[in-house]
Amino acid sequence: MALSIFDIFKIGIGPSSSHTVGPMWAGHRFLNDLREKDILDSISSVRVGLYGSLALTGKGHATDKATILGLAGYRPDDADPDKADQAFEDIVNNGVLKLAGEREIPFNYDTEMVFHYGEELEHPNGMRIYAADQNGIVVYYKTYLSIGGGFVVCADEYNNKDKQNSTEAPTEGAPKVPYPFNTAAELLCLCEQNEMSIADLVIANERALTGGDADAVYANIDAIWDVMRNCIDRGLRMEGILPISNMKRRASTMHQQLMANPEAMLKDHFSIMDWVTLFAMAVNEENACGGRVVTAPTNGAAGIIPAVLAYYTRFIDGADQKGTRDFIATAAAIGMLYKMNATISGAEAGCQAEVGSACSMAAGALAAVMGGNVHQVENAAEIGMEHNLGMTCDPIGGLVQVPCIERNGMAAIKAITATRMALRGDGNHEVSLDSCIETMYRTGLDLQSKYRETSTGGLAVFAKPQCVA
């Protein structure tokens with residue numbers, strides 16, 4: 001089953017795709033199972049068990065809130081973040097959960113949301129949901145694995161790569177695409193054989209997946225960019241503090257400083273990079289506050305692609321809507337390569353799998369819309385990942401704040417630099433993107449677990465967020 005552009009770019013809420021978006025989808029899938037088995041009306045209690053990274057950093061990533069809201073009938077792609085927060089508080093305070101928004105059952109957070117610290121399932125992000133009848137007998141349970149980017153699968157699906165392509169349950173008889181590819185080498189070959197750009201090829205595949213309506217595909221791509229752009233704009237406006245850590249939001253102040261001194265770019269051309277950094281940080285501050293973001297390809301790395309795309313639309317002469325669409329389609333193609341051949345989960349391979357993948361996607365996409373040929377695009381994507389290899393995932397306090405927010409700003413700059421390096425060349429280079437993707441995955445497997453989103457090593461141990469009064 002082929003991946004879709006909208007598998008890579010999904011609209012959700014912060015602060016984490018694997019710890020928030022995925023668990024909410026897990027709750028949603030569990031409800032669907034109960035409905036299909038026609039036992040929803042007989043359920044009198046539910047219990048959730050979190051394992052691995054979901055347990056160790058679950059509270060900081062709002063995994064508990066997301067799972068409970070999923071069971072209450074909320075979906076990450078249309079949930080109002082403000083209403084969701086209030087709904088969670090009501091459930092915890094009142095001890096009552098409306099299962100699927102319909103059936104009211106008692107819910108004791110302290111006993112029915114269980115954090116299994118030190119235990120791990122098939123994947124570092126594991127969870128189990130149990131449903132019991134009025135006699136307390138478990139009549140159904142399911143094990144879910146949140147494998148990064150909002151993708152959630154059952155244990156049997158985890159061992160079948162073809163079934164890992166959607167947050168929803170896989171469907172039989174899925175449509176075939178005209179240009180299937182599994183590697184960058186195959187993608188480049190298809191582009192050259194058919195005289196197509198990467199974006200055109202991916203759009204053709206997407207049309208096959210969605211029934212052939214090009215306008216519908218473009219409308220959905222435009223909607224993704226709208227959410228990204230709105231997230232930037234909101235992040236530039238919002239002031240105050242970040243949740244739990246009480247760290248001061250910085251994007252608004254930075255924005256005011258840049259707006260107060262617009263002539264700075266006439267004296268220092270690198271000040272454009274200040275704007276790029278700002279765009280990325282604005283998105284990730286919104287993500288940290290549980291706002292609406294796009295997985296790109298994850299929430300922890302959600303600021304990089306919007307920041308580089310904003311750089312293109314605001315600072316590159318000749319930027320247009322077609323370029324924006326091609327950017328997102330090209331980035332999605334590169335993201336598919338990471339998803340199919342490695343991982344985009346920080347809990348599985350460190351932050352190189354999240355920030356590194358996003359940097360690679362942004363670099364390749366920018367190269368494409370700035371006139372690069374397919375080999376230069378592949379080169380830019382490879383450079384983007386090559387210089388993020390080995391990056392650990394060690395969020396302080398289990399929060400997607402430090403070093404995550406600044407790290408997105410740094411990676412956005414890296415992506416632009418990678419693009420410029422690739423466009424100065426002819427597309428020939430020593431290390432292929434496929435080799436770099438495989439190296440990233442192997443490196444991730446070699447990382448000790450304390451450096452893979454458990455907050456038990458690295459910066460998470462030796463530093464604490466500086467709080468404001």
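How far apart do the end C-alpha atoms of residues 194–460 lie, and how much of the span is helix and how much strand? Select that range in your viewer and keep in mind that you are looking at a predicted model. The two end C-alpha atoms are 49 Å apart, and the span is 64% helix and 1% strand. An unreviewed UniProt entry annotates these residues as "domain: Serine dehydratase-like alpha subunit".

**Stop 1: a buried serine**

While you are in this range, pick Ser357, which sits in helix H17 (residues 355–369). Its relative accessible area is 0%, so Ser357 counts as buried. Now show its surroundings: leaving aside residues up to four places away in sequence, Ser357 touches Pro297, Tyr338, Thr343, Ile344, Gln352, Met385 and Met440.

**Stop 2: a salt bridge between two helices**

Next, turn to charged side chains. Side chains of opposite charge can pair when their charged atoms come close. Searching the whole structure gives 13 salt bridges. To see one of them, select Glu157 and Arg29, whose side chains form a salt bridge with an N to O distance of 3.0 Å. Glu157 belongs to helix H7 (residues 155–158) and Arg29 to helix H2 (residues 17–36), so this pair ties together parts that are 128 residues apart in sequence. Is this pair buried or exposed? Both Glu157 and Arg29 are buried.

**Stop 3: back along helix H2**

Stay with helix H2 and move to Arg35, then add Glu102 to your selection. Their side chains meet in a salt bridge too, at 3.9 Å from N to O. Here the partners come from distant parts of the chain, 67 residues apart: Arg35 is in helix H2, while Glu102 is in the loop between strand E3 (96–99) and strand E4 (103–106). Switch on the surface to look at their settings. Glu102 is exposed because its relative accessible area is 52%, and the cut-off for that label is over 50%. Arg35, at 38% relative accessibility, counts as partly exposed.

**Stop 4: Asp77 and Arg75**

Now select Asp77 together with Arg75. They form a salt bridge in which the closest N and O atoms are 2.8 Å apart. Asp77 is partly exposed, with a relative accessible area of 29%, and Arg75 is also partly exposed, at 25%.

**Last stop: a shared network**

Which residues are joined into one network by salt bridges that share partners? Select Arg234, Arg249, Glu285 and Glu286, and you have that network on screen.

Methods: Residues are numbered from 1 along each chain as its sequence is written. This is a predicted model: local features need pLDDT of at least 70, side-chain atom pairs count only at pLDDT 80 or more; totals for chains, interfaces and linings use all residues. Side-chain values use heavy atoms; hydrogens and water are left out. A salt bridge is a side-chain nitrogen of Lys or Arg within 4 Å of a carboxyl oxygen of Asp or Glu. Helices (H or I, at least four residues) and strands (E, at least two) are DSSP runs, numbered from the N terminus. Buried means under 20% relative accessible area, exposed over 50%, partly exposed in between (1.4 Å probe, protein chains only). Contact means heavy atoms within 4.5 Å. UniProt positions are given in the numbering used here, feature names are shortened, and annotations may be inferred rather than shown by experiment.
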